[in-house]
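Work through the following exercises on charged side-chain pairs and cysteines, with the coordinates open beside you. Each task is followed by a solution in steps.

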Amino acid sequence: MGINCTGKIVIARYGKIFRGNKVKNAILAGARGIILYSDPADYCAPGVDAYPDGWNLPGGGAQRGNVLNLNGAGDPLTPGYPAKEYTFRYKVNEGVGIPKIPVHPIGYHDAEVLLRAMGGPAAPDSSWKGSLNVSYNIGPGFADNSSTRKVRMHVHTNNEITRIYNVIGILRGAVEPDRYIILGGHRDSWVFGGIDPTTGAAVLQEIVRSFGKMKMEGWRPKRTIIFASWDAEEFGLLGSTEWAEENARVLQERAVAYINTDSSIEGNYTLRVDCTPLLYKLVYNLTKEILSPDESYENKSLYESWLEKDPATENNSYPRINKLGSGSDFEAYFQRLGIASGRVRYTKNRKADKFSNYPVYHTVYETFELVEKFYDPTFKKQLTIAQLRGKLVYELADSQVIPFDCRDYGEALKGYSNRIYKLAKKHEEQLKRYKVSFDPLFSAVVNFSKAAAEFHRRLEQVDKKDPVAVRIMNDQLMFIERAFIDPLGLPGRKFYRHVIFAPSSHNKYAGESFPGIYDAMFDIESKADQHEAWEEVKRQISIAAFTVQAAAGTLKEVA
């Protein structure tokens, strides 16, 4: 659009992508400061009153949230290492991902005053326009009577090193105490945290209580369960990441799975699941055992209501399951250490509800009363999520054979490789000119699928009375996610080491498949050196092909 943002203060709408990515975009455009505001188009559902009479965001509500671009680093001053007393710390101005410009959130009443006075051309299309009664001019500067106005930002931030507390509880396994299932969720919140994280923290407590009751009655799981209440998640997933860094060597050798227990509701329409393909079958099976809490689905299973309300795009005979991105405490375990991970919660109607997240997210209005009055008056949705998270932990900890299915990974890889190839085919001429071939990747995916099918055939025949034979197969299942980890990490994002999945470079909340290839091809037509750009695509294809082929090798019969 040719607008020069250098030295200017910019204003941006919250929503669609992670706020930290918006700040990063402003910095890259040369802005001196950024104001973030919540537009009613993104934070008010039509026909609903503002809180406390309804669940919409009032005009004075401002969304808090960290704006760091940590890319998995944890504490910005100790990237890669636990922030203990003895740890070397960088100076604050050398810290990872700390914005170099002031950032401030405001409500839509204050934003309206600024936007009404804005000069410059009109918004290029309707997607730029929110639902305030202003023209949404894009600037720069103010128009007419306001042309001499200036905006000053005074942001007072306290940078301090302070102690945080993770609370860890361990239920030792009776048969394989050296194999860990982790159930973790954060406890810290912005203001009251009525939904985020308390609807998840309460679920963690209830699951701990029920497992404790079973233990008192003489039961122990086969494998060890680690319960974790993380601190400082809202500051950049700090508690969970620092604990992962401190225990990385042990977790890489012993962790079977990580189940996240952040907010259990972000809406009340249907189930939402994000997880590794290894967990697809287990999730589908367990949701068939739980009754749906949804109205007019009495005596039907959670699976049935979920399937009816949110079928998968590529195969509508199954419910949708999303890729893991980031934005919660599973990040270090999945994206850095390669531990099979999953998260489940109740969500909004994806197709009908166009507002971003839930309207009062991270504001002072996110209270217990909000949940009790509007979101889950019977608390049945939260109970359902507690049952599902609890069942996931129970099955992973107590099944003789770890309930992972590698064949679903093979199917997923086939879909992801076809998708990335389809994206590349938009540049058909360049693919020919620079001799870019996806054949090695396709070949590796076929090999992985064959190895997975053969592995599960052997698994069905394994002698369940032979603990060593079962342990060998279980170890192969446990380490399959680890096989997708590249110790060198992704380009420019060394703590994101999973070759198949990563948070999108353009929206931390969303998951991207084959992120190395995707990022190399993103906006490739605008790269100055086309030869060099396509050479990087070829390099990323070769890394992906090698990784998938190597993962297939781990499933072969043990020599």
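## Exercise 1: a pair between two helices

The side chains of Asp408 and Lys281 form a salt bridge at 3.2 Å, N to O, a salt bridge being a side-chain nitrogen of Lys or Arg within 4 Å of a carboxyl oxygen of Asp or Glu. Determine which helices hold Asp408 and Lys281, and classify the accessibility of Asp408 and of Lys281.

Before starting, note that this is a predicted model, in which local features need pLDDT of at least 70 and side-chain atom pairs count only at pLDDT 80 or more, while totals for chains, interfaces and linings use all residues. Residues are numbered from 1 along each chain as its sequence is written, and side-chain values use heavy atoms, with hydrogens and water left out.

Step 1. Asp408 belongs to helix 12 (residues 406–424) and Lys281 to helix 7 (residues 280–287), so the pair ties together parts that are 127 residues apart in sequence; helices (H or I, at least four residues) and strands (E, at least two) are DSSP runs, numbered from the N terminus.

Step 2. Asp408 has a relative accessibility of 15% and counts as buried, whereas Lys281, at 37%, counts as partly exposed; buried means under 20% relative accessible area, exposed over 50%, and partly exposed in between, with a 1.4 Å probe and protein chains only.

## Exercise 2: a helix paired with a strand

Locate Arg419 and Glu512 in the secondary structure, given that their side chains meet in a salt bridge of 3.1 Å, N to O.

Step 1. Arg419 lies in helix 12 and Glu512 in strand 11 (residues 507–513), so this pair ties together parts that are 93 residues apart in sequence.

Step 2. Arg419 is partly exposed at 34% relative accessibility, while Glu512 is buried at 8%.

## Exercise 3: a pair within one helix

How many residues apart are Arg116 and Glu112?

Step 1. Both residues lie in helix 3 (residues 108–116), four residues apart, which is about one turn of the helix, and their side chains meet in a salt bridge at 3.1 Å, N to O.

Step 2. Arg116 counts as exposed at 52% relative accessibility, but Glu112, at 17%, is buried.

## Exercise 4: totals and cysteines

Count the salt bridges and the disulfides in the whole structure.

Step 1. The search over the whole structure gives 31 salt bridges.

Step 2. The corresponding search finds zero disulfides, where a disulfide is a pair of cysteine sulfur atoms within 2.5 Å. Cys406 is in no disulfide, and the nearest cysteine sulfur, that of Cys275, is 14 Å away. Cys406 counts as buried, with 0% relative accessibility.
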